Amino acid sequence: MLSIFISPFDLSRLASGLVFCLTVMLLSVANAENPAQTKTVTVSKVKPQTKKSKAQKTSVSELKDRKILNTIDANQEKQALAFAKMHHPELAELIQRLKKHKPREYKRAIRALDTTLAKLDRFKNRDSERYRLTLERWEVDSRIRLLAARVSVMGSSEDKSELKSLIKQRVALHLEQLRHDHKMAENRIKKLKKSISEIEKNQESMVDAELTKVQRSIKKTDQPKKNKSKK
């Protein structure tokens, strides 16, 4: 567990690691939900901008904080913290400390957790096994990112050994996820083959059935016109 006594400088470095941790985990969950949509992003060079005054920088920072805060209500904040406490207590403790020392990072962390919760809920409703694997992956990723941030500040041989063990767990979970995806893909292929076979065997009867539906819809459309002409 993290020591209770951490200097403001160390807390700032841990906070940076935490925000990076949550951002990466959020992206991994999104990619797991839509693996086909994962793309390589090319970062273009940005022209250097003129330096802004302290007043302008403060104004921009305040606007960003307000925007983040306005997207989170008390219930979302409560659920996000409860989720962190249940699945990674050490992370929850650090997030709560950020509220006092780093309010901007705190808001971002809560927002990232809330978005992750929404995506996990969608998995839970349609694929319980994917939900379990994604949640376990989140827990391991969370511990890896936070431990990596701690190693950069006060690393020890024990921390490095634990980090390697966690990475092994992540690789094993990734393999399990791929096997699950493969199984789901095979099931989908079976269903597609079945549908293809049914259409091939009953193609003529399906055409007749569809033609009958179209003709009925045409008759229903023409009926009001005939009634109006009689009047």
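## The main nonpolar core

Let's start in the middle: the largest nonpolar core has 19 residues, and Phe83, Ile95, Tyr106, Ile110 and Leu113 are the ones that touch the most other members. Keep in mind that this is a predicted model. Helix 3 (74-87), helix 4 (89-101), helix 5 and helix 6 are the elements that give two or more residues to this core. Helix 5 supplies the largest share, with six residues. In soluble globular proteins, nonpolar side chains tend to be buried together.

Ile110 is a handy residue to click on. Leaving out residues up to four places away in sequence, Ile110 touches Ile72, Glu77, Ala80, Leu81 and Ile95. Apart from the main core lies another core, made of seven residues, including Val140, Leu147, Leu163 and Leu173.

## The overall fold

Zooming out, the chain contains eight helices and zero strands, so reading from the N terminus you get α-α-α-α-α-α-α-α. Of the 231 residues in the chain, 29% are buried. Take the contacts with a separation of 6 or more: 75% of them are between residues 24 or more positions apart.

## Helix 5 against helix 6

Helix 5 (residues 103-126) packs with helix 6 (residues 128-154) at an angle of about 150°, and their axes are 6 Å apart. Angles over 145 degrees count as roughly antiparallel, which is why helix 5 and helix 6 get that label.

Who meets whom here? On the helix 5 side you'll find Leu113, Thr116, Leu120, Phe123, Lys124 and Arg126, while helix 6 brings Ser128, Arg130, Tyr131, Thr134, Leu135 and Trp138. The residues of this contact are a mix: six nonpolar, three polar and three charged. Leu113 shows up both in this contact and among the core residues that touch the most other members.

## Salt bridges

The count of salt bridges comes to eleven. One of them joins the side chains of Glu129 and Arg132, at 2.6 Å from N to O. Glu129 and Arg132 are three residues apart in helix 6, so about one helical turn separates them. Glu129 has 30% relative accessibility and therefore counts as partly exposed; Arg132, with a relative accessible area of 29%, is partly exposed too. Glu129 and Arg132 also belong to a network of salt bridges that links them with Glu136 and Glu176.

Now for a pair that spans distant parts of the chain. Arg170 forms a salt bridge with Asp141, and their closest N and O atoms are 3.2 Å apart. Arg170 sits in helix 7 and Asp141 in helix 6, 29 residues apart. Are these two buried or exposed? Both Arg170 and Asp141 are buried. Then there's Arg150 with Asp159, whose side chains meet in a salt bridge at 3.3 Å, N to O; Arg150 and Asp159 are buried as well.

## Gln177 in helix 7

Finally, a polar residue worth a look: Gln177, found in helix 7 (residues 157-201). Why does Gln177 count as buried? Its relative accessibility is 7%, and buried means under 20%. Setting aside neighbours within four places in sequence, Gln177 is in contact with Arg130, Leu133, Thr134 and Arg137. Of these, Arg130 and Thr134 also take part in the contact of helix 6 with helix 5.

Methods
Residues numbered from 1 in each chain as written. Predicted model: local features only at pLDDT ≥ 70, side-chain atom pairs only at ≥ 80, totals over all residues. Heavy atoms only, no water. Helix = DSSP H or I, 4+ residues; strand = E, 2+ residues; numbered from the N terminus. Buried < 20%, exposed > 50% of the residue type's maximum accessible area, 1.4 Å probe, protein only. Contact = heavy atoms within 4.5 Å. Axes fitted to C-alpha atoms, helices over the stretch in contact; angles between N-to-C directions. Parallel < 35°, antiparallel > 145°, perpendicular 65-115°, else oblique. Nonpolar A, V, L, I, M, F, W, Y, C, P; charged D, E, K, R; others polar. Core = buried A, V, L, I, M, F, W, Y, C linked by side-chain atoms within 4.5 Å. Salt bridge = Lys/Arg side-chain N within 4 Å of Asp/Glu carboxyl O.
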